[in-house]
Every structure is written in structure tokens, then in C-alpha cells.
Amino acid sequence: MNDTYSGKNVVITGGSSGIGLATAKLLVDAGARVVITGRSRTALDAATEYLGKNALAARSDVASLPDLDALAARVRDELGTVDALFVNAGITSTMPFASMTEEMYDESFAINVKGAYFTVQKLAPLLNTGAGVVLTTSAANVMGMLETSVYAAGKAALRSMARSLSRELLPQGVRVNAISPGPVDTGILESTMTKEAADRFKAERAAENPMRRFGSTEEIARAVAFLAFDATYTTGAELVVDGGVTQL
Ligand code: NAD
């Protein structure tokens, strides 16, 4: 526990598990008040119990604009203003190009792209001068990996938004950057793949990584906190945290 982020208000979408939860934990333990969102009441309750009294849960589907309006109203009531917005909610939909369905394509873009875009739009009026927005891209957005065509395209769209939204929000004194994680074992794969497919995918990712391992959620969380709070002369950038897989 420390007071590095004491007095800071944070919103994290998809904060009940994985990278979002680890980031919430880091920030709550350093004194921030954090609103986490997600679709599952049970997962949100478990997360707030784990995080303690400085965490609040808001059930909210990022693909639903009425939900995002309700989230903004709740955040305004509970926190007033926001110092950091971590746009983290996302799904991984792996499928060979030839088998991709319209339904999977639309779901992926509705959550990963539209959801991220309107999360920023709806919460922007609450962002304080000096606030940091962090969009979650992926190492996949600059790679030509099998079975990730739709996911990777959506994450590349977010990379672009980090540039254009940072220009739009500059007059408000708000910075917008992107975090680009490499492989992190959070269970996200198992939520949309069979265990065998997830195991195969993970083994391939570890083998091709220069560090021969996955990253941890804590390693991503520290980079998110840096972008959100400490990178005060950085906007429109993407910070790659991927063991070097897209850099070496
Ligand atoms: P995760 O499944 O633990 O986290 C995703 C979170 O988003 C979950 O809490 C989930 O409930 C939430 N979510 C999904 N759809 C939602 C919706 N419609 N509305 C609200 N919340 C929703 O997985 P994670 O690995 O922690 O993923 C977090 C982010 O990191 C995602 O955007 C993912 O694409 C990105 N990412 C992950 C990896 C990795 O290897 N794990 C790599 C690169 C990027």
C-alpha cells in the first residue's frame, strides 16, 4: 500500500478480470478510487470484494450506448471527475479467415472498436485537465498472425484512434495513448476457444516470443499506470509491452 495515486479517480472498463483487474489492484493499493465495469454482476462482486472499499463496480456493456450513458452518469455521481480512463474491455475472437461469420465479426467490432470509441466519447466530459486515457491495442495489430484477422484489424483501428482522439482531446488537456500487450495469460483465450485450441495458441505464442514467455498482468498494469499518470509529455503514442515480439 502507498499513496502515489491518492485523490485520483479512475475508470477501468472490463475491470473484473485479467489486465483490467490487475491495473485496478495496482491503483487501489496506491490510493486511487476506481470504478470497474463489466457485464457479469457475479464477476464484478468478486472483484470489488478482492479490491476493497476504494473500488466500485458498475455493470455496463461497452457495446451498448445506453449502458455507456448510464455509466457516465454513475461515474459523475460517484466520482465527480476522472483522472484516468483505461479502455480495456475486449474479446479475442480467433477464427480462420475462411470460417469467420458475420456475427463474430460484428460482435468483435461492436465490443473492441465501437465500445472503445464511445466509452471515450461518453466519459470525455468528465475528464480533468491533465487526465490520461489509455486504449488497449495488441501486438496483433502489427502482425500477420493466423486466425486473428478480425481481432487484429479492430486493434489496429484502436491504434489509429489513439492518434485522432488525442488530437481531439488536446484542447481539453487530456492525453490519449495506447498500451499494446503481447501475450498475457489471463484466461481470455479460453473464454472463446476450446482448451486444446487455447493451449496450442499459447504454446505457439511463447515459442515465438524473444523472452520465451508470456507477460504478467502486473507488467501490463505498471505500463498502463505510467501512460495514464506519469507520461505527461506523451500523447497519441503506443507503448509496446510484448517481450519484444514486435520489435526484435
Ligand atoms: P479478460 O477476458 O480477463 O478481460 C477482458 C475484460 O473485458 C473482462 O473483464 C470482460 O468481462 C470484459 N468485457 C468483455 N466484453 C465486454 C463488454 N461488452 N462490456 C464490458 N466489459 C466487457 O482478458 P484480458 O487479457 O485481461 O484482456 C484485456 C484487454 O487486453 C482486452 O482488450 C484484450 O484484447 C487486450 N489484450 C490482451 C492480450 C492477452 O494476451 N491477454 C494481449 C493483447 C491485448
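Over the ring of which residue does the charged end of R205 sit? That ring belongs to F201, and the charged end of R205 is 4.4 Å from its centre. Here are some notes to go with the structure, which is a predicted model.

1. **The largest pocket.** A good place to start is the open space. The largest pocket holds about 960 Å³, and 47 residues line it. G90, I91, T92, T186 and I188 are the ones that lie nearest its centre. Several elements each supply at least two residues of this lining, namely α1 (18-29), β2 (33-38), α5 (149-169) and α6 (195-208). As for chemical character, the lining divides into 23 polar, 19 nonpolar and 5 charged residues.

2. **The second largest pocket.** Next comes a pocket with about 190 Å³ of space. It has 14 lining residues, and T94, L146, E147, R200 and F201 are the closest to its centre. The lining is made up of 7 nonpolar, 3 polar and 4 charged residues. F201 is a name you have met already, as the ring under the charged end of R205.

3. **One enclosed cavity.** How many cavities of 30 Å³ or more are there? The count comes to 1, and the largest cavity has about 30 Å³ of space. Its lining consists of V10, T23, L27, A84, L85, F86, V224, A225 and A228. Two or more of these residues come from each of α1, β4 (82-87) and α7 (217-230). The lining of this cavity has 8 nonpolar residues, 1 polar residue and no charged ones. If you wonder how such spaces come to light, rolling a probe the size of a water molecule over the atoms shows where empty space is left.

4. **Rings and charges.** The whole structure has 3 aromatic pairs. In one of them, the ring centres of Y117 and F118 are 5.1 Å apart and the planes meet at 80°, so this pair counts as edge-to-face, the class for angles over 60 degrees. Y117 has a relative accessible area of 35%, so it is partly exposed. A charge also lies over a ring at Y50, where K25 is over the face at 5.1 Å from the ring centre.

5. **Two backbone angles to look at.** Most residues other than glycine have a negative phi. E147 has a positive phi, near 70°, and is not a glycine. This residue is in the loop between β5 (127-136) and α5, and with a relative accessible area of 30% it is partly exposed. R212 is another non-glycine residue with a positive phi, about 55°. Its place is in the loop between α6 and α7. Is R212 buried or exposed? Its relative accessibility is 56%, so R212 counts as exposed, the cut-off being over 50%.

6. **G244 and K8.** G244 is found in the segment after β7 (238-241). Its relative accessible area is 13%, so G244 is buried, which requires a value under 20%. Between the C-alpha atoms of G244 and K8 there are 32 Å, and the two residues are 236 apart along the chain.

7. **The annotated stretch.** An unreviewed UniProt entry carries the annotation "domain: Ketoreductase" for residues 8-182. Over residues 8-182 the model is 46% helix and 22% strand. The end C-alpha atoms of this stretch are 28 Å apart.

Note on methods:
Residues numbered from 1 in each chain as written. Predicted model: local features only at pLDDT ≥ 70, side-chain atom pairs only at ≥ 80, totals over all residues. Heavy atoms only, no water. 1 Å grid on protein atoms, 1.4 Å probe; cavity = no way out; pocket = protein on both sides within 12 Å on 5 of 7 lines; lining within 4 Å. Points joined across faces, edges and corners; volume = space filled by probe spheres on them. Helix = DSSP H or I, 4+ residues; strand = E, 2+ residues; numbered from the N terminus. Nonpolar A, V, L, I, M, F, W, Y, C, P; charged D, E, K, R; others polar. Buried < 20%, exposed > 50% of the residue type's maximum accessible area, 1.4 Å probe, protein only. Phe/Tyr/Trp six-rings, centres within 6.5 Å; stacked < 30°, edge-to-face > 60°. Lys NZ or Arg CZ within 6 Å of the ring centre and 35° of its normal. UniProt positions renumbered as here; feature names shortened; annotations may be inferred.
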